[in-house]
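Take a look at the model below. We will walk through a few of its helices and one pair of rings.

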Amino acid sequence: MSHQTPLGSSVPHASCLDLWREKNDQLVRQAKVAQDSRLSLRRQQLAQDALEGFRGLLHSLRGLPAAVPVLPLELTITCNFITLRASLAQGFTEDQAQDIQQGLERVLETQEQLGPRLECGLRGLWDSVLHYSSLLLELLPALHHLAGLQAALWLSTDCLGDLTFLLQTLNGNQNEASRNLLRLLKTWSPPAEETNAPLTLQDARGLRNVLLTASAFRQGLQELITGSLPRALSSLREAASGLCPRPVLVQVYTALGTCLRKMGNPQRALLYLVAALKGGSTWGPPLLEASRLYQQLGNTAAELESLELLVEALNVTHSSEAPQLLIEVELLLPRLHPASPLHCGTQSQAKYLLASRCLQVGRAEDAAEHYLDLLALVLDGLESKFSPPPSPTGPCIPEVFLEAAAALIQASRAQDALTVCEELLSRTSSLLPKMPQLWEDARKGTKESPHCPSWVSATYLLQGQAWVQLGAQKEAISEFSRCLELLFRATPKDKERGPASNGEKGCVSDMTLQQLRAAALISRGLQWVASGQDTKALQDFLLSVQMCPGNQDASFHLLQTLRRMDRRDEATALWWRLEAQTKLPQENAAWSLPLYLETYLGWIRFPDRETLLEEFQTSLPEPCDL
């Protein structure tokens, strides 16, 4: 088939073509020697020398007019250069896009119609080049190889629309029904290279397999995050069956475990997690997912054991395998988002997760030790902020101090809890003179530490409980009073929005403030009861009921106090109200509280509500007399 070349150009002599090809093959072999080398310095030097060799070859070829007989070799060298450059940089850059564009422009130079086509961008260039190359079969293998690199670049940069267009063009099918990326990749069949073709570091078919695995994995992760579980399962299985290096296979198996757990298949999920743990040295993600699975199954011992192993795993520095000098699946995967099931965070985040779960399930001694380890990192300045996986909005440092104090009190280590509280107060003492302004800032929604007053008041609350445990009643009442003094100045931000969640930053939850007030009033009331001052206790319990009507513990403490003081009419009215409430269907709370506050409320919960109601009922007159 005839073709045209620019005026004044000439096809290089065959001997030059042979020399260039021989040089390319030599550099490919050198790169493969570098790849097999176990000495990192020698490996790096050999690979860098090969890269410079490819660069020099391209410089020589591009200094000559473009000619169709030379283009297959020139495009192959371009592909080898891009592959080695991207693998050494462990990712694609704008330079690789320019290398691809120059290769396409060289093809179009042979038509002398380059100028107008450049305005169409890379999409237009590919459309023109592939249309032209359909008449020049000798260019097709090299162009498909270059197209594979373009596809890898677009996939790694999330240019999925451009990637879909390119695959449709390669497949000769551009209708709307063929927009499924995985189907397009499976349909794409790069032409086989001839036996005497120049050597390549990675051929088009190898690239296609890498693209298929990476696309399936990316798609599966996205579907998993958005909740499309059956589709995610299909995509992830596609990724697992493809060209999957060990580190990627561990991630795929972990994602499959997550997907099956969410679909209600815990046993099959566990099989994938075991396979993930056996498949590589990166144990963080499968261990974290295993802890979630055991929590869902109610196996607390196995859950905490998984978290303990996770903390140990994140403390070990694994020697990563030297990357292949090829385009690998890892290069085409996005950076892990905190919402991803594969995000396992840092060792301190895992330590926090372990400590908080121990506190939630009642393992107070273990929780206290884990929190103290974590605070040691904070006080040494090794951790400034963190959030537990998988939530990107976990507790801030003051809340960790409060949880630590709660864990210590629950473990009957009141003196240690006071020490932790004093440390937290010393860190916030500079803000105390500005407290009224801070509450005003919180109400207006400004960015100046609106949480600080609630942290300080919660610290006073926990100090009061620590003094209770130590038997120092006077000090306890004093701390509860300081807590209430601060809380009654509080104005939550944007009451009309309703209760805020624990993870919501930048505002003070209305429900959190209500429950803090109720906790402080009940705690102080219990101390008045212990000292025989029922009148003062009654005032605190009554105020607690008024301030937080949803807190039934306050109502039960009030009922018991009214009964003890023989205020029968008021007690009877309250009993009828409580009796009616117990018969209503219980609704799940639409709000959540900080963990330290949930723990604290458990301490002041009325011990036996049903017994009190039954005892009071037996003392009531017959219904006919009421």
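In this text, a helix is a DSSP run of type H or I with at least four residues, and helices are numbered from the N terminus. The model is predicted.

Start with helix α27, residues 595–603. Tyr 600 and Trp 603 sit 3 residues apart in it, so about one helical turn separates them. An α-helix has 3.6 residues a turn, so residues three or four places apart point the same way.

Now look at the rings. The structure holds 5 aromatic pairs. In one pair, Tyr 600 and Trp 603, the ring centres are 5.2 Å apart and the planes meet at 55°, so the pair is tilted. Are these two residues buried or exposed? Tyr 600 is buried, at 1% relative accessible area. Trp 603 has 26% relative accessibility, so it counts as partly exposed.

Move to helix α15, residues 300–315. How far should its 16 residues span? At 1.5 Å a residue, the answer is 22 Å. The end C-alpha atoms of α15 are 23 Å apart, which agrees. Its buried residues include Ala 302, Leu 304, Leu 307 and Leu 310. Among the elements covering the buried residues of α15 are α14 (284–297) and α16 (347–360).

Finish with two packed helices. Helix α23 covers residues 510–530, and helix α24 covers residues 534–547. Their axes lie 8 Å apart, at an angle of about 165°. Angles over 145 degrees count as roughly antiparallel, and α23 and α24 are therefore roughly antiparallel to each other. The crossing of α23 past α24 is left-handed. Residues making the contact include Leu 521 and Trp 528 of α23, and Phe 541 and Met 547 of α24.

Notes. Residues numbered from 1 in each chain as written. Predicted model: local features only at pLDDT ≥ 70, side-chain atom pairs only at ≥ 80, totals over all residues. Heavy atoms only, no water. Expected span 1.5 Å × (residues − 1). Buried < 20%, exposed > 50% of the residue type's maximum accessible area, 1.4 Å probe, protein only. Contact = heavy atoms within 4.5 Å. Phe/Tyr/Trp six-rings, centres within 6.5 Å; stacked < 30°, edge-to-face > 60°. Axes fitted to C-alpha atoms, helices over the stretch in contact; angles between N-to-C directions. Parallel < 35°, antiparallel > 145°, perpendicular 65-115°, else oblique. Left-handed = near helix turned anticlockwise from the far one by under 90°.
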